[in-house]
Amino acid sequence: MVIRTRPWHGIMVATTLPFRLAHPSRDELSVDHDAYAAQVARLLAAGCDGVVPNGSLGEYQTLTDDERARVVRTAVAAAGGAGERVMPGVSAYDSAAACRWAEQAAEAGAGSVLLLPPNAYRADDAAVRAHFAEVAAVGLPVVAYNNPFDTRVDLTPRLLAELHADGSIVAVKEFSGDVRRAYEIAEVAPELDLLIGADDVLLELALAGAVGWVAGYPNALPEACTALYRAAVGGDLDTALPLYRALHPLLRWDSKPEFVQAIKLSMDLAGHHGGPTRPPRFPLPSGQADRLRAATEKLLADGHH
């Protein structure tokens, strides 16, 4: 049995955010906080350990400040007041704004925060270390998010070790896709927790020692994804490998630019509320949507939910 000993351990679902049509004449979408609260409660009831509001999957870049703050409060309340199960994304273009979001997360009762490096420009190591140090000074545990594709800043194992030695981070969500890094991180920063950052390398990173998964597809298939994660980190390959193979046609969408639209479409097909995305994200083109629909419907027909 895998024991969860820290708030950022286990399956932390990077939640999608439901919208509703606020002004039909302008196609304006507002956040449906009631639906979001129900979504958080559903995921926790299905066996997920926590949620990550205001991540990329939650379209945080499109939210107003008031919306973004309320999403965190909604998540904490929906978790039954168990704020340790909520890890808000606090990324921003500048350190002062990221600190304000971390302070808001602390005030709401969250247990940890997820932070990208500076991404308004290609920051050097000194700027990255200063950025994380400022946010860590707020007081909540900081999980670094390494996404060199979107940020153009690579949190290499060496830099992660420095951030950990600085006392600025407790874990890393590793999204580089290079599973070899797991072993190097364990060598240079053995006390730094490794979290799976992309759904389609779940099994590889679980076997390499990951203690958590910042996950996308449990939004649509929470029970199947929970079973996969538990088997993978428990070393039960007889269970994990065939399930991983079955789910991988969907899991790999988490690493595509259209991941938000894809996961929301799978949610709709599974009977959950995915719904629309805010512009400039538009629905998947018909060819992509047809392939995703076929893969999702096959899994549902095979009993994966």
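## The nonpolar core

A nonpolar core is a set of buried Ala, Val, Leu, Ile, Met, Phe, Trp, Tyr and Cys residues joined through side-chain atoms within 4.5 Å. In this predicted model, the largest such core has 105 residues. Phe-132, Tyr-217 and Leu-221 are the residues with the most contacts inside that core. In soluble globular proteins, nonpolar side chains tend to be buried together.

Leu-221 is a nice place to start looking around. Leaving aside residues up to four places away in sequence, Leu-221 touches four leucines and two histidines: Leu-247, Leu-250, Leu-299, Leu-300, His-304 and His-305.

## The parallel sheet

Seven strands form an open sheet with parallel pairing, in the order 4-1-9-8-7-6-5. At its edges sit strand 4 (50–52) and strand 5 (113–115), each pairing on one side only. On average, neighbouring strands of the sheet are turned by 30° against each other, direction ignored.

To see one pairing in detail, follow strand 1 (residues 10–14), which joins strand 4 through three bridges in the parallel sense. Met-12 has Gly-50 of strand 4 as its bridge partner.

Helix 7 (residues 181–188) lies across strand 6 (142–146), strand 7 (171–174) and strand 8 (193–196). Relative to strand 7, helix 7 runs at about 165°.

## Cysteines

How many disulfides are there? The count comes to zero. Cys-48 is in no disulfide, and its nearest cysteine sulfur, that of Cys-225, is 7.8 Å away. Cys-225 is likewise in no disulfide, with the sulfur of Cys-48 as the nearest. A disulfide needs the two sulfur atoms within 2.5 Å, so this pair does not qualify.

Cys-48 is buried, at a relative accessible area of 1%, and Cys-225 also counts as buried, at 1% relative accessibility.

Key: Residues are numbered from 1 along each chain as its sequence is written. This is a predicted model: local features need pLDDT of at least 70, side-chain atom pairs count only at pLDDT 80 or more; totals for chains, interfaces and linings use all residues. Side-chain values use heavy atoms; hydrogens and water are left out. Buried means under 20% relative accessible area, exposed over 50%, partly exposed in between (1.4 Å probe, protein chains only). Contact means heavy atoms within 4.5 Å. Two strands pair if DSSP finds at least two bridges between them. Helices (H or I, at least four residues) and strands (E, at least two) are DSSP runs, numbered from the N terminus. Axes are lines fitted to C-alpha atoms, for helices over the stretch in contact, and angles run from 0 to 180 degrees between N-to-C directions.
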